Amino acid sequence: MTARFAAYPGAVARAAEFGAELAFDLQLVAPQLPAYPVPSGHTEMSWLRHLTETGARERYGPREAHPQAYAQLDHELNMIEELGFPGYFLVVYDIVDFCRRADIYCQGRGSAANSAVCYALRITNVDAVRHRLLFERFLAPERDGPPDIDVDIESDRREEVIQHVYARYGREHTAQVANVISYRPRSAVRDVAKAFGFPPGQQDAWSKQIDRWGDVATVDVPEIPEQVVAYANELQTFPRHLGIHSGGMVICDRPVIEVCPVEWGRMPGRSVLQWDKDDCAAVGLVKFDLLGLGMLSALHYGYDMIGMSLDLGDMTLDDPEVYDMLCRADSVGVFQVESRAQMATLPRLKPRTFYDLVVEVALIRPGPIQGGSVHPYIRRKNGQEPVTYPHPLMRNALEKTLGVPLFQEQLMQLAIDLAGFDAAEADQLRRAMGAKRSVQRMEQIADRLYQGMAERGITGELADDVYRKLTAFASYGFPESHAMSFAYLVYASSWLKRYHPGPFLAALLSAQPMGFYSPQTLVDDARRHGVQVRRPDVNASDAKPVLESTPDTRWGSRAGEPPHAWGLGGPAVRLGLSSVRTLGDGVAERIEAERAADGPYRDMPDLARRVGLTAAQLEALATADAFACFGLTRRQALWAAGAAAQERPGRLPGTVTGTEAPVLPGMEEVDRLVADVWATGLSPENHPARFIRPQLDAVGAVPIDRLGRVEPGRRIRVGGIVTHRQRPATAGGVTFLNLEDETGMLNVTCSPGLWQRHRRVARTSTALVVRGRLQRHEGVVNLVADRLDPIEAPVRPASRDFR
């Protein structure tokens with residue numbers, strides 16, 4: 001450049017000077033949070049200190065009663081002031097306070113649970129002082145942006161909180177964060193097939209044969225043209241479209257549109273940025289995560305039904321009956337511990353304390369599984385292996401997990417104990433060793449680590465071994481604070497299931513869709529616990545499930561009762577009208593509201609006239625047996641539905657003809673099952689496997705509840721409905737099936753070879769007869785399959801595959 005402008009001496013140098021003077025960092029225009037409205041005489045920081053002090057007196061008592069807690073609070077508040085984040089904490093406090101005033105269940109989780117300030121402000125329910133959690137895992141001096149506080153909110157009322165944020169800070173200053181939706185195998189096959197001109201039906205048929213995750217090319221589906229598979233693989237992980245982030249909202253001190261383009265969301269009252277969370281972070285937009293959690297909705301419904309209110313932070317966590325239930329893996333519907341893998345671990349872990357639940361939540365995760373922590377921990381927990389520590393200084397960090405590293409906070413504590421790091425340096429180590437490793441940062445931190453260990457006599461091979469363990473552990477350690485937040489919900493949902501199985505079922509059905517199991521499985525499990533489940537009824541059902549009781553109904557099971565008796569004599573669960581096909585929430589709520597305003601419906605034409613239902617909606621209600629209150633059988637109601645649909649508000653009552661049905665034949669039991677499943681997706685009285693039991697008996701299939709009497713190692717047959725197909729990334733290609741009959745559930749293990757050999761049957765059959773060897777270890781039953789055969793069930797309920 002200097003040679004090119006040689007005729008103009010000094011031009012290049014002056015241009016460089018001008019460039020340096022004119023350049024500016026985008027951070028100079030980065031938006032800040034708006035000023036938080038505080039009372040007169042207070043700054044944001046002084047108001048945060050006041051709120052924290054007030055909350056601490058409720059949580060801990062006066063200063064002199066708990067000096068350790070107040071010392072930690074002072075340390076955290078000084079750090080918050082130093083980093084300039086009081087406004088962030090006040091905004092989150094305001095959101096949580098709104099939820100509390102509006103009776104919306106919520107809980108902060110994630111690394112925020114490491115903070116005593118968040119505990120004092122009731123943002124979280126985990127006492128970071130009592131559990132000795134490291135605040136620097138949450139907030140450290142090197143942090144280049146505000147902390148990250150995720151707030152779980154009951155999913156059915158999350159929109160109220162979102163609209164509160166819009167109203168509080170102004171529509172112009174607030175927006176939701178976009179999310180880039182990438183191509184996955186199914187969507188890639190569908191779009192590529194569309195691009196090649198194949199008809200929509202063919203696109204859907206091919207995409208449904210592809211697993212939700214993985215590589216399209218590895219799938220042996222001969223019908224799919226080669227070019228569709230090839231181009232679908234090329235599209236993997238490419239962006240497909242923009243969606244709305246599951247919880248992210250940004251708030252800033254100027255109109256958001258001055259920072260980033262904004263558009264209206266499809267849902268009324270929502271405005272959405274056109275950037276994702278990484279772009280927002282890069283430009284300095286402050287994001288708040290307001291996440292919907294179905295279990296919080298279910299807990300609210302359940303506790304309302306039994307006339308109680310739930311405060312997660314004030315629960316007693318030591319009921320032996322709750323832990324007995326979990327030790328038996330009787331955890332269908334229970335938050336976080338209902339999956340196949342969790343239910344296989346519970347009888348081996350044998351949780352007896354709240355901290356056992358914390359470990360259980362963290363243990364069945366990809367990291368601890370790949371890191372080889374699961375089996376050593378369980379062996380040590382059961383006294384089958386001695387608790388040892390590679391070095392005595394590791395005892396402080398690893399004692400509570402029996403010498404097996406599980407949590408990220410333990411990594412930081414090890415650095416403090418072994419190398420003399422302070423908490424901030426320990427968090428630097430965690431970040432440097434995390435997923436996005438920097439070679440330069442790793443070298444710097446390794447030198448500091450080795451130097452600190454040498455000062456404490458840890459040198460040579462022992463020091464290298466410690467470094468290798470820390471490096472490997474950093475990749476998979478789970479945050480202890482996160483596990484603790486979730487463990488509170490595990491206990492709360494377990495308590496509700498143990499003592500109030502009827503309300504627990506009604507609450508879970510009201511909060512659908514959520515959880516691991518389908519409504520049919522939840523209903524079957526509740527029936528096995530003595531709960532009576534009733535069909536929808538236009539004069540008895542609300543839009544959501546309700547409880548039906550009499551003066552003799554008992555509320556709450558007693559200690560010492562066997563599981564099948566927990567629900568006996570308790571309230572019955574009446575299914576909701578919104579579960580009926582074609583109705584949806586809107587029509588169901590109209591039926592409920594009209595009945596509440598003007599009294600029960602007299603007959604089917606009266607319902608049609610007052611609510612304005614179509615023939616299809618009346619036929620769906622008839623198929624669900626929702627007109628039994630009028631003395632009509634399903635077939636009589638179906639006969640009358642078309643005529644009754646002619647009733648309209650302006651029509652003279654009683655002028656419609658054809659609603660009186662002639663004598664019609666009754667329905668067989670299997671026909672009632674088919675009608676129930678068609679109309680509502682589940683049968684409240686029967687399990688589909690009951691109707692194939694004669695065929696299962698003919699091939700010698702053993703009912704699942706009798707497997708406890710079968711000698712392990714024997715080759716047997718078991719039959720039932722397939723409810724799940726799973727292939728975890730940590731399982732080395734092994735596929736797991738959940739098989740369910742009218743007596744219980746069974747985990748089936750399919751090797752990669754077996755799956756390939758029986759692929760079409762394994763993927764597409766609603767019901768299977770599985771031959772294999774029975775395994776039973778510490779109360780956990782498993783069948784290792786060697787043959788799969790299809791069997792025809794009367795209905796075809798959808799399984800939840802590869803989620």
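Begin by selecting Asp525 and Lys497, which form a salt bridge whose closest N and O atoms are 2.5 Å apart. The pair links distant parts of the chain, with Asp525 in helix α24 (residues 519-528) and Lys497 in helix α22 (residues 480-499), 28 residues apart. Colour the two by accessibility and both Asp525 and Lys497 come out as buried. Keep in mind throughout the tour that this is a predicted model.

Next, select Arg535 together with Asp676, another salt bridge, here with the closest N and O atoms 2.9 Å apart. Arg535 lies in the loop between β8 (533-534) and β9 (546-548), while Asp676 belongs to helix α29 (residues 669-680), so the pair ties together parts that are 141 residues apart in sequence. Arg535 and Asp676 are both buried.

Staying with charged side chains, move to Asp97, whose place is in helix α4. Asp97 forms a salt bridge with Arg100, and the closest N and O atoms of this pair are 3.6 Å apart. Because Asp97 and Arg100 are three residues apart in helix α4, about one helical turn separates them. How do the two partners stand in accessibility, buried or partly exposed? Asp97 has a relative accessibility of 18% and counts as buried, since the limit for that class is under 20%, whereas Arg100, at 40%, counts as partly exposed. For a sense of scale, draw a C-alpha to C-alpha distance from Asp97 to Leu768: the two are 671 residues apart in sequence and 51 Å apart in space.

To see charged residues joined in a group, select Glu594, Arg602, Asp606, Arg609 and Arg610, which are linked in a network of salt bridges. Over the whole structure, the number of salt bridges is 45.

Now turn to the aromatic rings, for which the count comes to 15 aromatic pairs. Tyr88 and Phe288 form a stacked pair, with 4.8 Å from centre to centre and 15° between the planes. Tyr88 lies in helix α4 (residues 86-101) and Phe288 in strand β7 (residues 287-293), so this contact between rings ties together parts that are 200 residues apart in sequence. Tyr88, at 1% relative accessibility, counts as buried, and Phe288 is likewise buried, with a relative accessible area of 2%.

A second ring pair to select is Phe627 with Phe630, where the centres are 6.0 Å apart and the planes stand at 20°, so the pair is stacked. Phe627 has a relative accessibility of 1% and counts as buried, and Phe630, at 19%, also counts as buried.

Return to Tyr88 and extend the selection to Phe89, Phe135, Phe138 and Phe288, since these five residues form one aromatic cluster.

Two further stops bring an arginine together with a ring. At the first, Arg59 lies over the face of Tyr119, at 4.0 Å from the ring centre. At the other, Arg340 lies over the face of Phe736, and here the distance from the ring centre is 3.7 Å.

Select Ala362 next, which is placed in helix α14 (residues 354-363). With a relative accessibility of 1%, Ala362 counts as buried. Which residues does Ala362 contact, leaving aside its neighbours within four places in sequence? They are Pro368, Phe407, Phe478 and Ala483. A C-alpha to C-alpha distance drawn from Ala362 to Pro376 gives 14 Å in space, for two residues that are 14 apart in sequence.

Finish the tour on the surface, by selecting Met1, Phe5 and Tyr8, which make a nonpolar surface patch of about 390 Å². Met1 is found in the segment before α1 (11-22), and Met1 is exposed, with a relative accessible area of 67%.

Notes:
Residues numbered from 1 in each chain as written. Predicted model: local features only at pLDDT ≥ 70, side-chain atom pairs only at ≥ 80, totals over all residues. Heavy atoms only, no water. Phe/Tyr/Trp six-rings, centres within 6.5 Å; stacked < 30°, edge-to-face > 60°. Helix = DSSP H or I, 4+ residues; strand = E, 2+ residues; numbered from the N terminus. Buried < 20%, exposed > 50% of the residue type's maximum accessible area, 1.4 Å probe, protein only. Lys NZ or Arg CZ within 6 Å of the ring centre and 35° of its normal. Patch = residues over 30% accessible without salt bridge, like charges linked within 9 Å, V, L, I, M, F, W, Y side chains within 5 Å. Areas by Shrake-Rupley, 256 points an atom, 1.4 Å probe, with all protein chains shown as cover. Salt bridge = Lys/Arg side-chain N within 4 Å of Asp/Glu carboxyl O. Contact = heavy atoms within 4.5 Å.
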